[in-house]
Amino acid sequence: NTEQAAANAASGKRDASEYLSQPLVSDIYTADPSAHVWNGKIYVYPSHDIDGPTPEDDLGSHFEMRDYHVLSMDKIGGPVTVGPVALDVKDVPWADKQMWAPDAAYKNGTYYLYFPAKDKEGAFRIGVATSKDPMGPFKAQPQPIKGSYSIDPAVFTDADGQSYIYFGGIWGGQLQRNIGGKYDASGSKTDLKQNDKPAIAPRVARLNGDMLEFAETPREIQILDDKGKPLLGGDHDRRFFEASWMHKHDGKYYFSYSTGDTHYLVYAVGDSPYGPFTYKGRILEPVEGWTTHHSIIEWGGKSWLFYADSQLSGQTRLRNVKVTELRYNADGSIQTINPLLP
Ligand code: FUB
């Protein structure tokens, strides 16, 4: 991995030693890593980036992914196994293209893979596929989750066993075209263009006991500033763009996400899985490449941030996943990480 990064660096890119951490795998391009610890092993569910003909645009049309591979490792820093194809778009009856950021969950002997894809009408929906093996292969449900829309599902299971699905993404993720839960193909390409109104909210829904359907109509998640006011649409440094993740620390609920066009990973803290959440600060400063997308797990008595950048290729459409330690201050705030060494 380091050799490949060094080769890229030699061809005019950054030197490999300038990065805080190195790509986990270089056999395939990967992004949007959702990590989980099951049976003492770490499993990472990433997007599988491929090179395609579509030019880059603001809608992410250049992210033309068609399948998923699961990564596994016995420990952080140990060898990483790249699994075979875990799910292919051709085996998802309702999906047409763009298998974007997935997540996974486990319940009662079954692993669930949650994934967004565009349907045949060009609307993003969220599907579920199941397997008895965390590496797959997964078998997709014939239809997307009823009432689902937009992208970037993240499933969080609370201590009482109840699971919640967080999702949404503006611009190419189409959240702004689903106000009211119904897809409007003629809606804005970016956001609501209302800088002084509350920003478009990410969504959360309780999952049914079978993990295959929403148990309720998705709710809007409120992200507030330190005065209790909703973050505004014009606040691009802090407002929600995409890449929801939920984790708990010291009994508090941490909702984290990407600010997209300002390229930060940030977090907000609350007392319930539904929020409201109060914005607290940055987790990760901008990486090389337009996007990053993350997950946070505990392993070996420490917390770990999985994220992605474009170190290996130098291209936004061909990313590589990474991991680094995430540290808290005594007051529960997260220490901001710089992905590039000073
Ligand atoms: O990988 C495609 C999209 O880019 C993801 O769904 C977003 O989170 C962003 O990483």
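The following paragraphs describe the ligand site, the pockets and the cavity of this predicted model.

Residues are numbered from 1 along each chain as its sequence is written, and side-chain values use heavy atoms, with hydrogens and water left out. In this predicted model, local features need pLDDT of at least 70 and side-chain atom pairs count only at pLDDT 80 or more, whereas totals for chains, interfaces and linings use all residues.

The ligand is a suitable starting point. Its shell consists of D32, S47, F63, M65, W100, A101, D152, E242, T291, H293 and R319, each having a heavy atom within 4 Å of the ligand. By class, this shell contains four nonpolar, three polar and four charged residues; Ala, Val, Leu, Ile, Met, Phe, Trp, Tyr, Cys and Pro count as nonpolar, Asp, Glu, Lys and Arg as charged, and the others, Gly among them, as polar.

Polar contacts with the ligand (pairs of N or O atoms within 3.5 Å) include several from side chains. An N or O atom in the side chain of D152 lies 2.5 Å from an oxygen atom of the ligand, and for the side chain of H293 the corresponding distance is 2.6 Å. R319 places a polar side-chain atom 2.7 Å from a ligand oxygen atom. Of the 280 Å² that the ligand exposes when taken alone, the protein buries 99%, with areas obtained by the Shrake-Rupley method with a 1.4 Å probe.

The ligand occupies the space of the second largest pocket. A pocket is an open set of points on a 1 Å grid over the protein atoms alone, with protein on both sides within 12 Å along at least five of seven lines; lining residues have an atom within 4 Å of a point. This second largest pocket holds about 330 Å³ of space, the volume being that filled by probe spheres set on the points. Its lining comprises 25 residues, with G60, F63, E242, W290 and T291 nearest the centre.

The largest pocket contains about 400 Å³ of space. Among its 19 lining residues, H36, F156, W245, I296 and I297 are closest to the centre. The lining has 13 nonpolar, four polar and two charged residues.

Finally, the structure holds one cavity of 30 Å³ or more, a cavity being a set of points where a 1.4 Å probe fits but cannot get out. The volume of the largest cavity is about 110 Å³. It is lined by 14 residues, of which D191, L192, A199, I200 and G233 are the closest to its centre. This lining divides into six nonpolar, four polar and four charged residues.

Technical notes:
A polar contact is a pair of N or O atoms within 3.5 Å; within protein, one must be able to donate a hydrogen and the other to accept it, and residues adjacent in sequence count only if both atoms are side-chain atoms. A molecule sits in a cavity or pocket if more than half of its atoms lie within 2 Å of its grid points.
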